[in-house]
Amino acid sequence: MNLPTQNSFTADQEPKHIALRRALLEVIQRSAPNTPLPSYSQIVREYGVVQTTIDRVWRELEADGLIVRKHGKGIFVSPRAKQINIGLVFGVNVFGTAISPFYGTLLQRCQQRTQTHNEHFSFYLDLPTTQLGGVSFPAHRDLVEDIEASKLHGILLVSRHSEEQENWLRQQNIPVVAFAPEMRTKDVVGIDYGELVRLGVESLAAQGCKRIALMTGLGHARSHTPPFREDTQAYEKTLRRLGLECRPEWIWEPDAPIERKKGGAWIEDGRQGMRALLEGSRDTVPDGIVITDDIMTDGALLAAQKMKLVVGREIRIASHSNKESPILHRYDEFLTLIEIDTDDIVEAMFNMLEGQISGRKQNKRTVLVKPKVHVRGDD
């Protein structure tokens with residue numbers, strides 16, 4: 001068994017036990033299960049470390065299930081060594097009351113893949129900066145330690161509240177795939193809001209709407225500025241194609257950045273947007289609205305109720321919705337729902353991460369999940 005060269009053993013740049021762990025991990029990763037690993041004497045001879053350091057590393061690797069000790073025979077690569085270890089970074093909202101099927105779908109898929117793909121999942125909270133060894137890191141302490149110990153093969157980032165954390169993770173020489181509905185950067189899975197708006201406008205026009213507005217919060221998202229404004233571009237382009245009027249005042253956006261939003265804020269935005277769009281004379285207010293967020297739509301419906309408007313007759317709404325989410329489906333008799341299937345999001349995230357881990361060439365570094373118009377009776 002050949003050990004990595006001395007050049008790859010950076011004992012002068014980091015603690016010796018970490019450097020030795022990296023060297024042995026390299027051996028384990030390129031070896032078949034049950035392959036004998038280097039002896040104590042070989043490791044001492046190659047790297048000049050003491051036996052206590054070797055013992056410490058063997059204990060850690062054994063605890064991680066990467067090696068097996070066989071009394072009187074030596075130390076061998078564990079059959080579990082080919083297991084893929086994936087970290088999931090969640091926000092505290094996963095424990096909240098927001099009704100979204102995305103997290104449940106993701107967790108179910110993780111459970112399935114532990115059995116079908118020999119994968120193991122570790123979960124980390126998206127926490128503020130932590131201290132480790134006198135150094136500040138913009139990530140969960142356990143996540144920092146596991147990355148430094150080379151315990152993870154890839155990361156699924158499903159909480160993106162900290163740009164500093166994301167930038168740091170992407171600098172750690174480890175595959176990172178993020179779910180970013182509103183982002184258009186590399187290595188992300190997002191939502192095709194252009195398609196969502198196009199379907200919404202076409203559906204409302206087919207119902208006889210002539211003055212169609214757009215209520216969207218995407219204009220304040222990071223990196224979602226021109227030329228990435230596919231929501232407003234699709235809105236204007238579709239109206240022109242259909243021969244309908246397009247007025248700047250019929251595009252409504254909230255003031256606060258999307259990254260600072262919580263469920264209650266989105267509801268209030270919906271209320272404000274509905275009131276703002278329906279101010280003015282009857283001949284100039286919209287008779288249809290496309291809304292790009294389901295929680296914002298919930299607020300718009302509350303405002304419509306207070307204004308004594310009959311949704312589906314006096315004002316028609318086409319809204320984003322997550323498939324199997326109960327937020328708006330109780331209103332589907334009165335709304336046109338443009339659905340995102342969270343299964344498609346999760347599948348795209350795993351496909352992208354698998355490609356990065358395996359080194360497979362990626363045709364797309366950004367995948368946009370396309371919505372579909374919900375047809376009543378398909379539930």
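This report walks through a predicted model of a protein, from its overall make-up to a few helix pairs, a pocket and some single residues.

**The big picture**

Let's start with the whole chain. The protein has 379 residues, and 50% of them count as buried. Its secondary structure comprises 12 helices and 16 strands. What about contacts between residues at least 6 apart in sequence? Of these, 66% join residues at least 24 apart.

**Two pairs of helices**

When two helices pack, we describe the pair by the angle between their axes and the distance between the axes. Here are two pairs to look for in the structure:

| Helix pair | Axes come within | Crossing angle |
|---|---|---|
| α2 (residues 40-47) and α3 (residues 51-63) | 10 Å | roughly 115 degrees |
| α7 (residues 193-206) and α8 (residues 230-242) | 8 Å | roughly 35 degrees |

Take α2 and α3 to begin with. Their crossing is right-handed. On the α2 side you'll find Y40, I43 and V44, which meet Q51, I54, D55 and W58 of α3. Sort the residues of this contact by class and you get five nonpolar, one polar and one charged.

Now for α7 and α8, where the crossing is right-handed. From α7, the contact uses Y193, G194, V197, R198, V201, E202 and A205, while α8 brings in E230, D231, A234, Y235, T238, L239, R241 and L242. By class, that contact holds eight nonpolar, two polar and five charged residues.

**A pocket to explore**

Next, have a look at the second largest pocket, which holds about 470 Å³ of space. Its lining is made of 17 residues, and R22, S150, L152, N173 and I174 are the ones that lie nearest the centre. Three elements each give two or more residues to that lining: α1 (16-29), α5 (141-148) and α12 (342-358). Which of the elements gives the largest share? That's α1, with four residues. As for chemistry, the lining of this pocket splits into six nonpolar, six polar and five charged residues.

**Two residues with a positive phi**

S150, one of the residues nearest the pocket centre, has something else going on. Its phi is positive, at about 60 degrees, although S150 is not a glycine. You'll find S150 in the loop between α5 and β7 (154-157). Is S150 buried or partly exposed? With a relative accessibility of 24%, S150 counts as partly exposed.

K308 isn't a glycine either, and has a positive phi of about 60 degrees. This residue sits in the loop between α10 (294-306) and β13 (316-322). K308 has a relative accessible area of 70%, so K308 is exposed.

**P101 and its distant partners**

Last stop: P101, in helix α4 (residues 101-116). Why does P101 count as buried? Buried means under 20% relative accessible area, and P101 comes in at 15%, so P101 makes the cut. Leaving aside residues up to four places away in sequence, P101 touches N322, K323, S325 and T342. How far apart are the C-alpha atoms of P101 and T342? They are separated by 6.9 Å, even though the two residues are 241 residues apart along the chain.

Methods:
Residues numbered from 1 in each chain as written. Predicted model: local features only at pLDDT ≥ 70, side-chain atom pairs only at ≥ 80, totals over all residues. Heavy atoms only, no water. Buried < 20%, exposed > 50% of the residue type's maximum accessible area, 1.4 Å probe, protein only. Contact = heavy atoms within 4.5 Å. 1 Å grid on protein atoms, 1.4 Å probe; cavity = no way out; pocket = protein on both sides within 12 Å on 5 of 7 lines; lining within 4 Å. Points joined across faces, edges and corners; volume = space filled by probe spheres on them. Nonpolar A, V, L, I, M, F, W, Y, C, P; charged D, E, K, R; others polar. Axes fitted to C-alpha atoms, helices over the stretch in contact; angles between N-to-C directions. Left-handed = near helix turned anticlockwise from the far one by under 90°.
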